[in-house]
Amino acid sequence: MDETEQPWSRNAILIGGTLIGLYLAALISLGYVGQLHLRYALEEQEQLSVEKQAAAIAYFLTDQQETLDGLSRSPQIQTFLANRDLGMSMRYGLRASLLAVSRALNDARDQQVLHGRRVFRSIVFVENDGNVLVTQGSSDSIDAENAYLGHAARTPGKVRVEAGREGPTLVFVSAVVFKGAAAGYLAAEIDASAMLRPYLELGDGNHSSHRTALVDQQANVIVAGNTPDWVTQYKLALR
């Protein structure tokens, strides 16, 4: 009887071991699939977070350009140009028109506030030859005079990244048109780091260890979040 039971015992042990092995394999497979799904979900969440940051920055840049475009068409600027066209001199009335332009530019700087700071570091009204008519704020450009002259040749509405003493500076340009012809332009500077870094730190707090940066087409870093590792891996913008 013992001899009869031994084969069944061995078979039961083999069957039981096989079942346990299949069960463990199934657990491992399910765990692996679960990890893959979790990884894909995290990657998708991260992608959505980056897209949210990019959309916020794009909206911010568009809003500042539209503000400057509105200023370039302001009644104060058009009145100044009309008075000058009539032959009015600075001594007899034209200076008052220019002061009105200066106040309009300063009001725009006061109204555009973000993160507790003025968005526009400076706004200048410049003639096509580079002659600066009005300046509100202070430029951070390393060579402001040549920069003002160079802006006139650039396409209005296209944001430029310029080298500044305190880091990369965003420069917005808007053409000033009078009687259908270009009469000059407005150029506004924005501190890239101060204005854009908060957008790179948007999120739900789950991605604090991830490195996010705004880079140009040459992979130069314009501004990065609070992650100093970027400095060692990429060139700073315009350095």
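Okay, so valine 159. Setting aside neighbours within four places in sequence, valine 159 is in contact with Leu170, Val171 and Phe172. This is a predicted model, by the way, so take everything I say in that spirit. Valine 159 sits in the loop between helix H4, that's 144-151, and S5. Take leucine 170 from that list: it is 11 residues away from valine 159 in sequence, and the two C-alpha atoms are 6.6 Å apart. Buried or exposed, then, for valine 159? Neither, really: its relative accessible area is 30%, so it counts as partly exposed.

Valine 159 also takes us to the largest pocket. Which residues lie nearest the centre of that pocket? They are Val159, Arg160, Val161, Asp216 and Ile222, out of 15 residues in the lining. The volume comes to about 390 Å³. If you want to know which elements give two or more residues to the lining, those are helix H1 (2-72), strand S5 (160-162) and strand S8 (213-215). By character, the lining splits into 10 nonpolar residues, 2 polar and 3 charged.

Let me stay with H1 for a moment, and pick two residues from it. One is glutamine 53, which is in helix H1. With a relative accessible area of 5%, glutamine 53 is buried. What does its side chain reach? The backbone oxygen of leucine 200, at 2.8 Å.

And leucine 200 belongs to helix H5, residues 192-200, where it is buried along with Ala192, Ala194, Met195, Leu196 and Tyr199. Go to the start of H5 and you find another polar detail: a side-chain oxygen of aspartate 191 comes to within 3.1 Å of the backbone nitrogen of serine 193.

The other H1 residue is aspartate 63. This one is partly exposed, at 28% relative accessible area. Its C-alpha is 9.9 Å from the C-alpha of glutamine 112, and those two residues are 49 apart along the chain.

Okay, moving on to phenylalanine 125. You'll find phenylalanine 125 in strand S3, residues 122-126. How accessible is phenylalanine 125? Its relative accessibility is 0%, so it counts as buried. What packs around it is quite a list. Not counting residues up to four places away in sequence, phenylalanine 125 touches Ile77, Phe80, Leu81, Val101 and Leu105, then Asn131, Val132, Leu133 and Val134, and finally Val176, Tyr185 and Leu186. For one of those, leucine 105, the separation from phenylalanine 125 is 20 residues in sequence and 8.8 Å in space, C-alpha to C-alpha.

Phe80 turns up again if you look at serine 97. Serine 97 is in helix H3, residues 90-111. Outside the four places either way in sequence, its contacts are Gln76, Thr79, Phe80 and Asn83. And serine 97 is buried, at 9% relative accessible area.

Now, two backbone oddities. Most residues other than glycine have a negative phi. Histidine 115 has a positive one, about 55°, and it is not a glycine. Where is histidine 115? In the loop between strand S1 (113-114) and strand S2 (117-118). Histidine 115 is partly exposed, with 41% relative accessibility.

The second is lysine 179, whose phi is near 55°, again a positive value in a residue other than glycine. Lysine 179 is in a loop too, between strand S6 (169-178) and strand S7 (181-191). Is lysine 179 buried or exposed? Exposed, with a relative accessible area of 66%.

Let me finish by stepping back to the whole chain. There are 6 helices and 9 strands in it. Of the 239 residues, 34% are buried. The accessible surface is about 14,700 Å², and carbon and sulfur atoms account for 56% of that. As for how the contacts are spread, look at those between residues at least 6 apart in sequence: 53% of them join residues at least 24 apart. The phenylalanine 125 list includes Ile77 and Val176, if you want somewhere to start looking on the screen.

Technical notes. Residues are numbered from 1 along each chain as its sequence is written. This is a predicted model: local features need pLDDT of at least 70, side-chain atom pairs count only at pLDDT 80 or more; totals for chains, interfaces and linings use all residues. Side-chain values use heavy atoms; hydrogens and water are left out. Buried means under 20% relative accessible area, exposed over 50%, partly exposed in between (1.4 Å probe, protein chains only). Helices (H or I, at least four residues) and strands (E, at least two) are DSSP runs, numbered from the N terminus. A polar contact is a pair of N or O atoms within 3.5 Å; within protein, one must be able to donate a hydrogen and the other to accept it, and residues adjacent in sequence count only if both atoms are side-chain atoms. On a 1 Å grid over the protein atoms alone, a cavity is a set of points where a 1.4 Å probe fits but cannot get out, and a pocket is an open set with protein on both sides within 12 Å along at least five of seven lines; lining residues have an atom within 4 Å of a point. Grid points are joined across faces, edges and corners, and a volume is the space filled by probe spheres set on the points. Ala, Val, Leu, Ile, Met, Phe, Trp, Tyr, Cys and Pro count as nonpolar, Asp, Glu, Lys and Arg as charged, and the others, Gly among them, as polar. Contact means heavy atoms within 4.5 Å. Accessible areas come from the Shrake-Rupley method with a 1.4 Å probe; for residues, only the protein chains shown count as cover.
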